[in-house]
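The following exercises concern a ligand and its surroundings, a pocket, and a sheet. Each task is followed by a solution in steps.

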Amino acid sequence: MASLVESSAGQSPVDLDALDVARAELWQANAWRPLFTRLRADDPVSFCPESFFGPYWSITKYDDIVAVEADPATFSSSWEHGGIVIFDMHDTGVQLRMFIAMDDPEHGEKRKTVAPAVAPSEIAKLAGPLRERTAAVLDALPVGETFDWVQRVSIPLTTAMIATLFDFPWDERDKLPEWSDWAAKIDIGPDPVLNAERERHVFAMAARFKELFDERKAAPPRGDLLSMMAHSTAMGDMDEQRFIGAIALLLVGGNDTTRNSMSGLIERMNLFPDAWAAVKADPATLASGAATETIRLQTPIAHMRRTATRDVEFGGKTIHKGDKVVLWYNSGNRDESVFPDGDRWDPTRENSRRHLSFGYGIHRCLGARLAELQLTVLIEELARRDMDVKLAGEPDRIPSCFTNGYHHMPVTLARGSGNRSDG
Ligand code: HEM
């Protein structure tokens, strides 16, 4: 399957001045790697004057991404300037005032409210049920026939985890990925039909969550995310846009990202069968490294965006007040100066945890440990069953420079002779 090869070899020269790396078709065709390699080498802080999303700066080297994230006063996340994705949030009816799209102090107050739900002690409590659910999903898979890994594994496992975190009614949990998918479509542009459809889903989500929120508020505090929010000073009494934003952030944050990592794992196993054989032989040592490497290479959120609050010299260029600054995590995660042979899935890579898939600084992902646990458990349970998941066709990729993932992934499953499921 030549198009899966993660190398920049054989590509034709690129005109850097006209280069627009946000084009959806590049992401759908999995064709973005050589362009970012070229930008890192020749124009690491580059300006794209014209695109579907308007003009924007691309930051492509690891240290530059970290430097931007470490200076939130100059590079703002606020929705008031357009928010955290390449598409301006003012241009959509549902503005999603999520705390990820706020600066401190309001961001910090809200972050503190939800952080306890994903503290290490809480995550430890989730580990047992998570392993049982993972095992049940894997044991129900057909052997020797083609099925869609996204639908059969990645979506059910991530949906179950989010339902647990919110204590969302179990028999309604299938609505969560649908709402999350629509809320995450922040780069559809100004298309009125798609935006109206998106609003319909987002408002349905908000209405159901509001009912549950009010129930939790009227009841004594409990450990789930909704109850924590309902009983807090920072989030107990939010306006509608902030409420919708908070729910959407936690849904999208926990759903699409982990889902696409679980699918990305399969692509990596197929590209690097020797590495997968090593993980299966020694999951106790290698499963966690394999999970981290998958998250690094997949980079499920390809970019975050900031807006310059003043004119600033950066990387030898002048970024002007009001300019969009796009941080390409997918590129930082392959920066040759930090990750040698960076396209290789190497579960033994020593500095893999330095990856930027969870961002950096004050907004660094709150769910990072939970995501790592979900993926590590999946790898351990696959290894324990001596399972090999083979791609049975080209994955159907999402045409988005934000959600870097898959609509569908046809696979077949084989169980090796060394089944260790009883061990
Ligand atoms: C592989 C899975 C995941 C990836 C790749 C991911 C990625 C990210 C990224 C890139 C950010 C922004 C960081 C920045 O601006 O510096 C973020 C923030 C956030 N993530 Fe995740 N995430 C994942 C899983 C989760 C999960 C499971 C949850 C919740 C249960 C979650 C909740 C959040 C929240 C609440 C924020 C906002 C933090 C803030 O603004 O202070 N994420 N995530």
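For the class counts below, Ala, Val, Leu, Ile, Met, Phe, Trp, Tyr, Cys and Pro are nonpolar, Asp, Glu, Lys and Arg are charged, and the others, Gly among them, are polar. The model is predicted.

**Exercise 1. The shell around the ligand**

Task: State where the ligand sits and describe the residues that surround the ligand.

Solution.
Step 1. Locate the ligand: it sits in the largest cavity.
Step 2. Identify the contributing elements. Two or more residues of the shell come from each of α4 (106-114), α10 and β5 (303-308). The largest share, 7 residues, belongs to α10.
Step 3. Count the shell: the ligand is surrounded by 28 residues, and the closest are Glu69, His107, Arg111, His363 and Cys365.
Step 4. Sort the shell by class. There are 15 nonpolar, 10 polar and 3 charged residues.

**Exercise 2. Polar atoms facing the ligand**

Task: For His107, His363 and Tyr360, decide whether the atom that lies by a ligand oxygen belongs to the side chain or the backbone.

Solution.
Step 1. For His107, the atom is a polar one of the side chain, 2.6 Å from an oxygen atom of the ligand.
Step 2. For His363, a side-chain N or O atom is 2.7 Å from an oxygen atom of the ligand.
Step 3. For Tyr360, the backbone supplies the N or O atom, at 3.1 Å from an oxygen atom of the ligand.
Step 4. Apply the cut-off for a polar contact, which is a pair of N or O atoms within 3.5 Å. The distance of 3.1 Å for Tyr360 meets this limit.

**Exercise 3. The largest pocket**

Task: Give the volume of the largest pocket and describe its lining.

Solution.
Step 1. The volume of the largest pocket is about 490 Å³.
Step 2. The lining comprises 24 residues, with Lys185, Ile398, Pro399, Ser400 and His407 the closest to the centre of the pocket.
Step 3. The elements giving two or more residues to this lining are α6 (149-166), α10 (240-271) and β11 (406-408).
Step 4. By class, the lining holds 13 nonpolar, 5 polar and 6 charged residues.

**Exercise 4. A sheet of strands**

Task: Explain why β4 and β9 each have one side without a neighbour in the sheet.

Solution.
Step 1. Write the strand order: the open sheet of 3 strands runs β4-β12-β9, and the pairing is antiparallel.
Step 2. Find the edges. β4 (147-148) and β9 (387-391) stand there with a single partner strand each, so one side of each lacks a neighbour in the sheet.
Step 3. Examine one pair. β4 and β12 (residues 410-415) are joined in the antiparallel sense over 2 bridges. Phe147 has Val411 of β12 as its bridge partner.

Technical notes:
Residues numbered from 1 in each chain as written. Predicted model: local features only at pLDDT ≥ 70, side-chain atom pairs only at ≥ 80, totals over all residues. Heavy atoms only, no water. 1 Å grid on protein atoms, 1.4 Å probe; cavity = no way out; pocket = protein on both sides within 12 Å on 5 of 7 lines; lining within 4 Å. Points joined across faces, edges and corners; volume = space filled by probe spheres on them. Helix = DSSP H or I, 4+ residues; strand = E, 2+ residues; numbered from the N terminus. Near = heavy atom within 4 Å. Polar contact = N/O pair within 3.5 Å; in protein donor to acceptor, adjacent residues only side chain to side chain. Sits in = over half its atoms within 2 Å of the grid points. Pairing = 2+ DSSP bridges.
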